[in-house]
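Reader: I'd love some help learning to read a structure like a specialist. Could we walk through one together?

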Amino acid sequence: QVQLVESGGGLVQAGGSLRLSCAASGRTFTRNILGWFRQPPGKEREFVAAIRRSTGFTIYADSVKGRFTISKDNAKNTVYLQMNSLKLEDTAIYYCAAAPTLTPSTTNYDYWGQGTQVTVSS
């Protein structure tokens, strides 16, 4: 079993920056992929970014490419999401998730955190 705990959410003005953290524990060796998803108010959960723990290879959603950066610290079993140039439409609950293979599909991720709220104001 893998446990995931997100932190770092909060209120930030448009154009500002925020960094989210996801701490993994338990049988983390069974999942090579750590990713970030988000769920805006009234919308379905959507893919944001993911990273392969063994190689550092990353993928991003088009909506965040060039603004967000996913990174990892394998020694701490932690993945980060650096969010820059934040927009009002980035407001959402952000979730950390784990998967066995690299994919943007929510169905491939079988471990999820509780989520952390990110609110972008004008």
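Reader: Let me start with a single residue: where is Gly15 found?

Author: Happy to help, and please keep in mind that this model is predicted. Gly15 sits in the loop that runs between β2 (10-13) and β3.

Reader: Is Gly15 buried or exposed?

Author: The relative accessible area tells you. Gly15 has a value of 54%, and exposed means over 50%, so Gly15 counts as exposed. Not counting residues up to four places away in sequence, Gly15 touches Ser85 and Leu86.

Reader: Let's follow those two partners. Where is the place of Leu86, and is Leu86 buried or exposed?

Author: Leu86 belongs to the loop between β8 and β9. With a relative accessible area of 2%, Leu86 is buried, because buried means under 20%.

Reader: Which residues is Leu86 in contact with?

Author: Leaving aside neighbours within four places in sequence, the contacts of Leu86 are Val12, Ala14, Gly15, Gly16, Ser17, Leu18, Arg67, Phe68 and Val120. Distance is another thing to read: the C-alpha atoms of Leu86 and Ala50 are separated by 19 Å, with their positions 36 residues apart along the chain.

Reader: And what about Ser85?

Author: Ser85 has its place in the loop between β8 and β9, and it is partly exposed at a relative accessible area of 42%. Look at its backbone as well: Ser85 has a positive phi of about 50 degrees although it is not a glycine. Asn77, in the loop between β7 and β8, is also not a glycine and has a positive phi of about 50 degrees. Asn77 counts as partly exposed, at 24% relative accessibility.

Reader: Now the interior. What should I look for there?

Author: Here is the general idea: in soluble globular proteins, nonpolar side chains tend to be buried together. In this model, the largest nonpolar core has 33 residues, and those with the most contacts inside it are Trp36, Leu81, Met83 and Tyr94. At least two residues of this core come from each of β1 (2-7), β3 (18-26), β4 (33-39), β5 (46-52), β7 (68-73), β8 (78-83), β9 (92-99) and β11 (116-121). The largest share, six residues, is supplied by β9.

Reader: Glu6 caught my eye. Where is Glu6 found, and is it buried or exposed?

Author: Glu6 is in strand β1, and it is buried, with a relative accessible area of 9%. For a buried side chain like this, check which polar atoms it meets. A polar atom of the Glu6 side chain lies 2.7 Å from the backbone nitrogen of Cys96, and one lies 2.9 Å from the backbone nitrogen of Gly115.

Reader: Which residues does Glu6 touch?

Author: Not counting residues up to four places away in sequence, they are Ser21, Cys22, Trp36, Tyr94, Tyr95, Cys96, Gly113, Gln114, Gly115 and Thr116. Take Tyr94 as an example of sequence versus space: Glu6 and Tyr94 are 88 residues apart in sequence and 8.2 Å apart in space, C-alpha to C-alpha.

Reader: I'd like to compare two threonines. Where do Thr103 and Thr55 lie?

Author: Thr103 lies in the loop between β9 and β10 (111-112), while Thr55 has its place in the loop between β5 and β6 (58-60). Thr103 is buried, with a relative accessible area of 12%, whereas Thr55 counts as exposed at 54% relative accessibility.

Reader: What does the side chain of each one reach?

Author: The Thr103 side chain reaches the backbone nitrogen of Ser105 at 3.1 Å, and the Thr55 side chain reaches the backbone nitrogen of Phe57 at 3.3 Å. Not counting residues up to four places away in sequence, Thr103 touches Phe47, Ile59, Asn108 and Tyr109. As for Thr55, its C-alpha atom is separated by 26 Å from that of Arg45, ten residues apart along the chain. Returning to our starting residue, Gly15 and Thr55 are 31 Å apart in space, C-alpha to C-alpha, and 40 residues apart in sequence.

Reader: Last topic: empty space. How many cavities of 30 Å³ or more does the structure hold?

Author: Rolling a probe the size of a water molecule over the atoms shows where empty space is left. This structure holds one cavity of 30 Å³ or more, and the largest cavity has a volume of about 40 Å³.

Reader: Which residues line the largest cavity?

Author: The lining consists of Val2, Ala24, Thr28, Arg31, Leu34, Arg53 and Ala98. By class, that gives four nonpolar, one polar and two charged residues.

Definitions and conventions: Residues numbered from 1 in each chain as written. Predicted model: local features only at pLDDT ≥ 70, side-chain atom pairs only at ≥ 80, totals over all residues. Heavy atoms only, no water. 1 Å grid on protein atoms, 1.4 Å probe; cavity = no way out; pocket = protein on both sides within 12 Å on 5 of 7 lines; lining within 4 Å. Points joined across faces, edges and corners; volume = space filled by probe spheres on them. Nonpolar A, V, L, I, M, F, W, Y, C, P; charged D, E, K, R; others polar. Core = buried A, V, L, I, M, F, W, Y, C linked by side-chain atoms within 4.5 Å. Buried < 20%, exposed > 50% of the residue type's maximum accessible area, 1.4 Å probe, protein only. Helix = DSSP H or I, 4+ residues; strand = E, 2+ residues; numbered from the N terminus. Polar contact = N/O pair within 3.5 Å; in protein donor to acceptor, adjacent residues only side chain to side chain. Contact = heavy atoms within 4.5 Å.
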